[in-house]
Amino acid sequence: MRRVFSGIQPSGIPHIGNYLGALKNWIALQNTESALPPIYCIVDLHALTTLSGHPQQLRQLTIESTASLLACGLDPKKSIIFKQSSIHHHTQLAWILSCITSSGVLGRMNQWKSRQKTHNSTLGLFSYPMLMCADILLYRSTDVPVGDDQIQHLELARNTAEIFNRTYETDFMKIAELILPSESGACRVMSLREPLEKMSKSNQSEYSRINLSDMPSVVKSKILRAVTDNESRVSFEPDTRPGVSNLVSIYGSYSDKTIEMVCQEFEGKSTHEFKIALHDLLIEKLYAYQTEYQRIMEDKGYILNVLEQGRKQALEIADENMKQILEMTGLSYN
Ligand code: TYM
């Protein structure tokens with residue numbers, strides 16, 4: 001049976017890159033009848049790489065992230081939603097996996113190389129991908145829906161599963177497959193200010209991203225200010241026209257239209273007219289999310305209950321798998 005697993009850091013309200021690159025697929029995948037319930041994890045241990053020393057903020061962001069996932073359409077009756085730190089097996093398995101992984105491999109990870117420049121280069125940041133491997137392998141996951149910035153990490157998880165299987169002469173670890181958004185190409189939503197850079201929560205400029213919580217007037221000024229070029233037609237040419245192509249891809253993905261359909265729809269129209277249409281579309285989509293988010297945030301007890309139910313369900317699977325892993329590796333539970 002297939003098992004979907006993915007994670008998101010509770011490092012702020014998700015932006016449309018998180019939604020189009022990952023969350024949209026998460027929601028679609030919870031309706032696959034032939035598979036086991038998908039597991040979606042709020043990776044608060046990963047977030048500690050940037051939020052150490054801010055316990056109140058981390059707790060609050062974890063609640064807000066959970067509410068965001070629910071407001072986007074995750075259904076706790078169909079999906080297991082839980083907090084990474086509530087299941088200690090993640091860190092235990094990360095250690096076991098780190099004992100069969102060379103430090104050179106981690107040193108070559110692109111995110112490590114780029115984040116080292118802007119973050120404190122802690123051991124946690126360096127071994128971040130190991131914890132991610134543990135997240136995936138702990139649940140013997142077969143499918144991992146993510147945006148394309150996570151491809152290298154997923155490749156590491158696949159290799160690590162193979163090394164584990166070879167080392168312990170087993171086929172216990174599954175080699176998970178990458179699930180990227182199809183068709184419209186929103187697997188990498190780019191910054192609205194520097195369209196050659198990925199849209200990200202950590203970019204200093206608020207104008208580089210649209211958060212799911214942005215109010216209509218904010219969305220309007222961000223879209224109107226989005227960098228395009230001095231040509232006024234609407235086309236998809238990411239190499240030569242990255243700004244407008246990014247907006248086309250966002251429009252396509254939000255309206256479930258292919259790139260071709262979007263370009264046809266706006267043939268003969270100016271980029272300004274297109275930006276207004278994109279703004280109208282986003283307002284409509286974000287409004288649905290925002291109303292739901294407000295409603296959910298009024299009931300903190302409900303959010304905590306979702307996480308607790310998710311913890312119980314995830315723990316059952318993690319416990320069963322971890323027993324076998326400990327047995328294989330010569331460690332033990334008691
Ligand atoms: P995080 O929290 O940075 O992002 C969550 C998801 O959003 C996707 N994403 C994007 N997709 C398209 N365009 C963008 N601009 C964009 N920005 C972010 C990410 O690809 C991701 O799918 N390390 C992971 C969390 C994680 C995880 C895991 C994921 C921890 N353990 C196990 C999968 C499996 C992260 O920091 O995602």
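Modeller: Let's start with a term: a cavity is a set of grid points where a 1.4 Å probe fits but cannot get out. Keep in mind that this is a predicted model. Searching the whole structure turns up one cavity of 30 Å³ or more.

Biologist: What volume does the largest cavity have, and which residues line it?

Modeller: Its volume is about 60 Å³. The lining is made of M109, Q111, W112, R115, L125, Y128, P129 and H153. Helix 6 and helix 7 are the elements that give two or more residues to that lining.

Biologist: What makes a lining residue of the largest cavity nonpolar, polar or charged?

Modeller: The residue type decides. Met, Trp, Leu, Tyr and Pro count as nonpolar and Arg as charged, with Gln and His among the others, which count as polar. On that basis the cavity lining divides into five nonpolar, two polar and one charged.

Biologist: Why is the largest pocket called a pocket and not a cavity?

Modeller: A cavity is closed to the probe, whereas a pocket is an open set of points, so the two names separate shut from open space. The largest pocket has a volume of about 1,600 Å³. It is lined by 50 residues, and the closest to its centre are Q111, R115, D149, K198 and S200. Strand 1 (5-8), helix 1 (16-29) and helix 8 (151-167) are among the elements that each supply at least two lining residues. By class, that lining has 17 nonpolar, 24 polar and nine charged residues.

Biologist: Back to S200: is it buried or exposed, and how do you know?

Modeller: The cut-off for buried is under 20% relative accessible area. S200 has 16%, so it counts as buried. It sits in the loop between strand 5 (177-179) and helix 9 (216-225).

Biologist: What about the second largest pocket: how many residues line it, and which are closest to its centre?

Modeller: That pocket has a volume of about 340 Å³. Of its 17 lining residues, A94, S98, L123, S127 and M130 are the closest to its centre. Helix 7 gives the largest share, seven residues. The classes come out as nine nonpolar, eight polar and no charged residues.

Biologist: How do you know that C99 is in no disulfide?

Modeller: A disulfide needs two cysteine sulfur atoms within 2.5 Å. For C99, the nearest cysteine sulfur belongs to C133 and is 13 Å away. C187 is in no disulfide either, with the sulfur of C263, the nearest one, 17 Å away. The search of the whole structure finds zero disulfides.

Biologist: Why are C99 and C187 given different exposure labels?

Modeller: Exposed means over 50%, and partly exposed lies between that and the 20% cut-off for buried. C99 has a relative accessible area of 53%, so it is exposed. C187 has 21%, so it counts as partly exposed.

Biologist: Which residues are closest to the ligand?

Modeller: 27 residues surround it, and the closest are Y128, D135, G147, D149 and V189.

Biologist: What makes the pairing of D135 with the ligand a polar contact?

Modeller: A polar contact is a pair of N or O atoms within 3.5 Å. An N or O atom in the D135 side chain is 2.7 Å from a nitrogen atom of the ligand, so the pair qualifies. G147 passes too, with a backbone N or O atom 2.8 Å from an oxygen atom of the ligand. For V189, a polar backbone atom is 2.8 Å from a ligand nitrogen atom.

Conventions: Residues are numbered from 1 along each chain as its sequence is written. This is a predicted model: local features need pLDDT of at least 70, side-chain atom pairs count only at pLDDT 80 or more; totals for chains, interfaces and linings use all residues. Side-chain values use heavy atoms; hydrogens and water are left out. On a 1 Å grid over the protein atoms alone, a cavity is a set of points where a 1.4 Å probe fits but cannot get out, and a pocket is an open set with protein on both sides within 12 Å along at least five of seven lines; lining residues have an atom within 4 Å of a point. Grid points are joined across faces, edges and corners, and a volume is the space filled by probe spheres set on the points. Helices (H or I, at least four residues) and strands (E, at least two) are DSSP runs, numbered from the N terminus. Buried means under 20% relative accessible area, exposed over 50%, partly exposed in between (1.4 Å probe, protein chains only). A residue is near a molecule or strand if one of its heavy atoms lies within 4 Å of it. A polar contact is a pair of N or O atoms within 3.5 Å; within protein, one must be able to donate a hydrogen and the other to accept it, and residues adjacent in sequence count only if both atoms are side-chain atoms.
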